[in-house]
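Dear colleague,

I am passing on a model that I would like you to look through when you have time. My notes on it come after the structure itself.

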Amino acid sequence: MVNIKEALSSAFEMTDCGEIHFYLGIQIQRDRQNRQITLSQSSFAEQIIRRFRMEDAKPVGTPLDPSVKLSQATDSETNDISRATFFRQIIGSLMYLMIATRPDIAAAISIISQFAANPTEAHLMAAKRVLRYIRGTANYGLYIGAEPNAGQDSDKMQSLHLYGYSDANWGNDTDTRKSTSGYIFYLSNGPISWASKKQSTIALSSTEAEYMALTQATKEAIWLRRLLHELRFEAQVSGPTTIFEDNQSSIALAKNPIHHSRTKHIDIQHHFVRDKVETKEIELQYLSTEEMIADALTKPVPRPRFAKLVDKMQLRSMA
């Protein structure tokens, strides 16, 4: 670290302000004894709540209501410019929160942002529900490293390796019948990369949807492996990166070199997964749906299970 600072100082005018505590609105806390870093945007979350006057709103346990199915506005529902502007402001404010430290709202932002062109009152209520969820979880921090109070000899202290989870919600978009992909990657027991995104083409089966989601997860895994290698963490990428998947058929398709007649229609780009499995850069392992963390990145999940998955994301109250 000293060498890096000296090299930067020789090239740029800079001041050493000591150990970092805040960066772009993100609070950073270090626990050197347990080798743990906590990232939090609690102040930013509170600013969002105040900006949209949700201080007195009742908190909810999930960012999306599983019983509510959102769809595009009908022809009879006119475009309310003031409502659309307010809706987009909410989405824009929540976007940075989601990208930096809050993977638990990734699915919600991905879904409701699709209606920004002409949001209805139902869409606005869904956006406000995310704000109500944030109000109850504003003090959540993202824990990276060993579990709190873990001993120095804990196995979790040695688990500095890259692994991820991939999932898809087949045909969940009621307007286009496109599916949603979701993935989350961990390093040292803490999430470092996550995404929730609607797929660009329609999948004809759950296997195809999961296989397409694996493509995006594999691309991210390859990028993370290269980044770690450049940062001289060669040991963390010396073997294949494990991606957990809850669809046995998509795993079999990725491992099977024979093109079955029922999968010939799948775009050739998605067989990128198969190549990475063959070169042993990626290793696919089955994980039950109940334990699939990425499930919370693709769809609304009932509160008890959502709370369990959020805990596995290493997100919890700092109070």
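Below is what was found, from the overall fold to the cores and the empty spaces.

This is a predicted model, in which local features need pLDDT of at least 70 and side-chain atom pairs count only at pLDDT 80 or more, whereas totals for chains, interfaces and linings use all residues. Residues are numbered from 1 along each chain as its sequence is written, and side-chain values use heavy atoms, with hydrogens and water left out.

The chain holds nine helices and 10 strands, taken as DSSP runs (H or I, at least four residues, for helices; E, at least two, for strands) and numbered from the N terminus. Of its 319 residues, 47% are buried, that is, under 20% relative accessible area with a 1.4 Å probe, protein chains only. Among contacts (heavy atoms within 4.5 Å) with a separation of 6 or more, 74% join residues 24 or more positions apart.

The largest nonpolar core, meaning a set of buried Ala, Val, Leu, Ile, Met, Phe, Trp, Tyr and Cys residues joined through side-chain atoms within 4.5 Å, has 54 residues, and those touching the most other members are L94, I105, I112, V130, I134, Y165 and I184. Elements that each supply at least two residues of this core include α3 (81-100), β5 (162-169) and β6 (180-187). Leaving aside neighbours within four places in sequence, Y165 is in contact with residues including I184, F244, L287 and M292. A second, separate core of 20 residues includes A221, V237, V273 and V277.

For the empty spaces, a 1 Å grid over the protein atoms alone was used: a cavity is a set of points where a 1.4 Å probe fits but cannot get out, a pocket is an open set with protein on both sides within 12 Å along at least five of seven lines, and lining residues have an atom within 4 Å of a point. Grid points are joined across faces, edges and corners, and a volume is the space filled by probe spheres set on the points.

The second largest pocket has a volume of about 470 Å³, and of its 25 lining residues the closest to its centre are L64, V68, K69, L70 and I111. Helix α5 (residues 121-137) gives the most to this lining, with six residues. The largest cavity, with a volume of about 60 Å³, is lined by residues including L64, D104, K299 and F306.

With best wishes

Definitions and conventions. Buried means under 20% relative accessible area, exposed over 50%, partly exposed in between (1.4 Å probe, protein chains only).
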